[in-house]
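Colleague: Got a minute to go through a model with me? I'd like to know what stands behind the labels you put on it.

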Amino acid sequence: MNIILLGPPGAGKGTQARTLVEERGLVQLSTGDMLRAAKSSGTEMGNRVAEVMARGDLVTDEIVIGLIEERLTADGGGNGFIFDGFPRTLAQADALGELLEKQGQTLQAVIEMRVNDDALVARVTGRATCATCGEVYHDQTRPIPEDGKCVKCGGTEFTRRADDNEDAMRNRLLTYYRETSPLIGYYYAHGKLRSIDGLGAIDEVKARVDGALSA
Ligand code: AMP
């Protein structure tokens with residue numbers, strides 16, 4: 001089962017992807033995570049993309065398609081892949097279609113997660129992530145526990161993304177509407193699109209994702 005989670009930054013794609021990994025044994029492929037890893041390991045590519053990411057602009061298609069191609073061939077896929085934050089342009093969507101076809105795989109569904117802009121800005125500007133397991137916290141809605149330990153893994157280090165501030169977020173949203181939202185029509189035309197409301201508690205949204213996958 002290969003699935004794309006499509007939606008603006010802060011829609012909850014990463015959170016839902018992690019649940020699908022745990023429950024269905026899928027492999028999560030997040031180009032944002034791959035690029036942040038490249039950035040922090042100080043590779044030449046990482047240094048090149050750091051500024052682009054901090055501004056909330058898109059990294060070139062060539063770089064992200066290369067990253068996905070590498071992982072698709074290396075991981076084998078197990079029960080399938082969840083694409084989180086990829087594709088973000090029509091060129092990336094075409095490239096993904098070709099890569100999957102080459103591997104004899106198909107795309108089962110594209111789940112579009114809808115959340116209004118004000119809620120998105122509020123979500124990302126208080127966001128913190130456990131550096132060990134990726135569990136997500138929020139200053140207002142789900143603060144880091146008082147003992148400073150992650151509820152999931154006990155980790156004590158938490159990170160905040162450089163692009164989780166209001167200016168970068170507004171730009172990330174504009175980029176989403178300009179470059180990525182055309183994919184909604186693209187996948188609708190391919191008969192793959194399932195749209196869900198992304199607002200609500202994590203479990204409520206998860207139930208909608210499950211519903212969309214069994215529809
Ligand atoms: P994300 O973690 O998905 O919000 O991605 C963080 C940042 O990484 C984005 O704002 C872009 O700068 C870059 N990025 C991630 N995925 C892609 C992609 N598929 N295409 C281009 N840039 C990307």
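What follows is a chat about rings, two helices, a ligand and one asparagine.

Modeller: Fire away, but keep in mind that this is a predicted model.

Colleague: Why is the pair of Y137 and F158 called edge-to-face?

Modeller: Their ring centres are 5.5 Å apart, and the cut-off for pairing is 6.5 Å, so they pair. The planes make an angle of 85 degrees, and anything over 60 counts as edge-to-face. By this rule the count comes to five aromatic pairs.

Colleague: What makes the pair of Y137 and F158 a tie between parts apart in sequence?

Modeller: Y137 sits in strand β6 (residues 136-138) and F158 in strand β7 (residues 158-159), so the pair joins parts that are 21 residues apart in sequence.

Colleague: How do you know whether Y137 is buried or exposed?

Modeller: Its relative accessible area is 2%, and buried means under 20%, so Y137 is buried. Y137 also has a charge over its face: R142 lies there, at 4.9 Å from the ring centre.

Colleague: And what makes Y176 and Y177 an aromatic pair?

Modeller: The distance is 5.4 Å centre to centre, against a limit of 6.5 Å. With 75 degrees between the planes, Y176 and Y177 are edge-to-face too.

Colleague: Why do Y176 and Y177 get their burial labels?

Modeller: Y176 has a relative accessible area of 6%, and under 20% is buried, so Y176 is buried. Y177 comes out at 39%; that falls between 20% and 50%, so Y177 is partly exposed.

Colleague: Which residues do ring pairs link into a cluster?

Modeller: F81, F83 and F86.

Colleague: On to the helices. How do you know that the buried residues of α3 line one face?

Modeller: In α3 (residues 44-55), the buried ones are M45, G46, V49, V52 and M53. Looking down the axis of α3, they fall within an arc of 130 degrees, so they line one face of the helix. E44, N47, R48 and E51 are exposed on the other side of α3. After α3 comes G56, with a positive phi, near 90 degrees.

Colleague: What about the buried residues of α2?

Modeller: Those are T31, G32, M34, L35 and A38. Seen down the axis of α2, their arc is 165 degrees, so they too line one face of the helix. G42 follows α2 and has a positive phi, near 70 degrees.

Colleague: Which helix gives the largest share of the shell around the ligand?

Modeller: That's α2 (residues 31-40), with four residues. The ligand has 16 residues around it, and T31, R36, D57, R88 and Q92 come nearest.

Colleague: What makes the approach of T31 to the ligand a polar contact?

Modeller: An N or O atom in the T31 side chain is 2.8 Å from a ligand nitrogen. The limit is 3.5 Å, so T31 qualifies. A polar side-chain atom of R88 is 2.9 Å from a nitrogen of the ligand, and one of R161 is 3.0 Å from a ligand oxygen. The protein covers 96% of the 480 Å² of accessible area that the ligand has on its own.

Colleague: Last one: why is N2 called buried?

Modeller: N2 has a relative accessible area of 3%, and the cut-off is under 20%, so the label fits. N2 lies in the segment before β1, and its side chain reaches the backbone nitrogen of F81 at 2.9 Å.

Notes:
Residues numbered from 1 in each chain as written. Predicted model: local features only at pLDDT ≥ 70, side-chain atom pairs only at ≥ 80, totals over all residues. Heavy atoms only, no water. Phe/Tyr/Trp six-rings, centres within 6.5 Å; stacked < 30°, edge-to-face > 60°. Helix = DSSP H or I, 4+ residues; strand = E, 2+ residues; numbered from the N terminus. Buried < 20%, exposed > 50% of the residue type's maximum accessible area, 1.4 Å probe, protein only. Lys NZ or Arg CZ within 6 Å of the ring centre and 35° of its normal. Arc of directions from axis to C-beta. Near = heavy atom within 4 Å. Polar contact = N/O pair within 3.5 Å; in protein donor to acceptor, adjacent residues only side chain to side chain. Areas by Shrake-Rupley, 256 points an atom, 1.4 Å probe, with all protein chains shown as cover.
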